[in-house]
Amino acid sequence: SDMITLSFPYTVMPPHNQYGSAEDLLHKAHDLAAQYMKKDRRGGGTMLGHCLHVATELAHAGQPTPVICAGMLHDIVEDSPVTVAYIDAMFGGDIGHLVDVLTKRGAGSKHERRYLERLAVAGPQPITIKLVDNTHNLQGCMHLKRPREYVKYGKKIQKIGADILGENNPFVLTHLRALRSAEAELANMPA
């Protein structure tokens with residue numbers, strides 16, 4: 001099921017700001033994701049299920065409300081007509097900035113390099129979201145057309161995460177386990 005209870009106990013945000021309470025923001029993020037992230041994922045499940053998984057993992061780890069909301073909305077600009085300007089207007093600049101950093105702007109190696117460079121200098125919150133996102137993606141990457149390329153990309157995310165958060169950070173370690181598991185699956189696949 002793609003529904004989630006939105007009473008995250010670890011939200012860290014002032015009780016109310018001009019965009020609403022922490023609970024209001026979480027509900028708005030959920031509703032926006034539910035409206036636009038209905039299609040199926042290449043690795044299985046739905047886009048909404050993936051976004052909810054990322055947000056839930058961040059919430060359970062005690063991340064602040066803006067990080068949880070950005071986790072829920074991390075793919076929305078790439079996969080819908082929603083813009084970063086709309087996210088800014090609805091949720092505020094903190095969430096809008098995180099979604100902006102996490103938004104890829106095109107395909108191909110040049111765009112990937114620019115995205116990774118932007119991620120590498122954006123601070124701990126965006127890479128934390130990206131590690132949770134990529135951990136979940138790695139769990140389904142063997143069903144993709146080019147799983148080896150995805151594992152190679154995961155190694156780049158791993159390096160950025162370790163550089164910013166440290167090798168012993170729980171998000172970095174969880175991602176590393178998913179990466180190693182995907183590598184082991186690849187080793188057993190025909191070339």
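Me: Which residues gather in a patch of positive charge on the surface?
Reply: The model is predicted. Patch members need over 30% relative accessible area. Lysine 104 has 32% and counts as partly exposed; this residue is found in the loop between helix H6 and helix H7. The residues that gather in the patch are Lys39, Arg42, Lys104 and Lys145.

Me: Which residue forms a salt bridge with glutamate 117?
Reply: The partner lies in helix H7 along with glutamate 117, 4 residues apart, about one turn of the helix. Residues three or four places apart point the same way, because an α-helix has 3.6 residues a turn. The closest N and O atoms are 3.8 Å apart, and the cut-off is 4 Å. The partner is arginine 113.

Me: How many residues apart are glutamate 183 and lysine 155?
Reply: Their side chains meet in a salt bridge, 3.1 Å from N to O. The pair links distant parts of the chain, with glutamate 183 in helix H10 and lysine 155 in helix H9. The separation is 28 residues.

Me: Are lysine 159 and aspartate 163 buried or exposed?
Reply: Both lie in helix H9, 4 residues apart. They form a salt bridge, with the closest N and O atoms 2.8 Å apart. Exposed means over 50% relative accessible area. Lysine 159 and aspartate 163 are both exposed.

Me: How many of the 15 residues of H8 are buried?
Reply: Helix H8 covers residues 124-138, and its end C-alpha atoms are 21 Å apart, in agreement with the expected span. Buried means under 20% relative accessible area. H8 is largely enclosed by the rest of the structure, because its buried residues number 13 of the 15.

How values were computed: Residues numbered from 1 in each chain as written. Predicted model: local features only at pLDDT ≥ 70, side-chain atom pairs only at ≥ 80, totals over all residues. Heavy atoms only, no water. Helix = DSSP H or I, 4+ residues; strand = E, 2+ residues; numbered from the N terminus. Expected span 1.5 Å × (residues − 1). Buried < 20%, exposed > 50% of the residue type's maximum accessible area, 1.4 Å probe, protein only. Patch = residues over 30% accessible without salt bridge, like charges linked within 9 Å, V, L, I, M, F, W, Y side chains within 5 Å. Areas by Shrake-Rupley, 256 points an atom, 1.4 Å probe, with all protein chains shown as cover. Lys, Arg positive; Asp, Glu negative; His and termini not counted. Charge placed at Lys NZ, Arg CZ, Asp CG, Glu CD.
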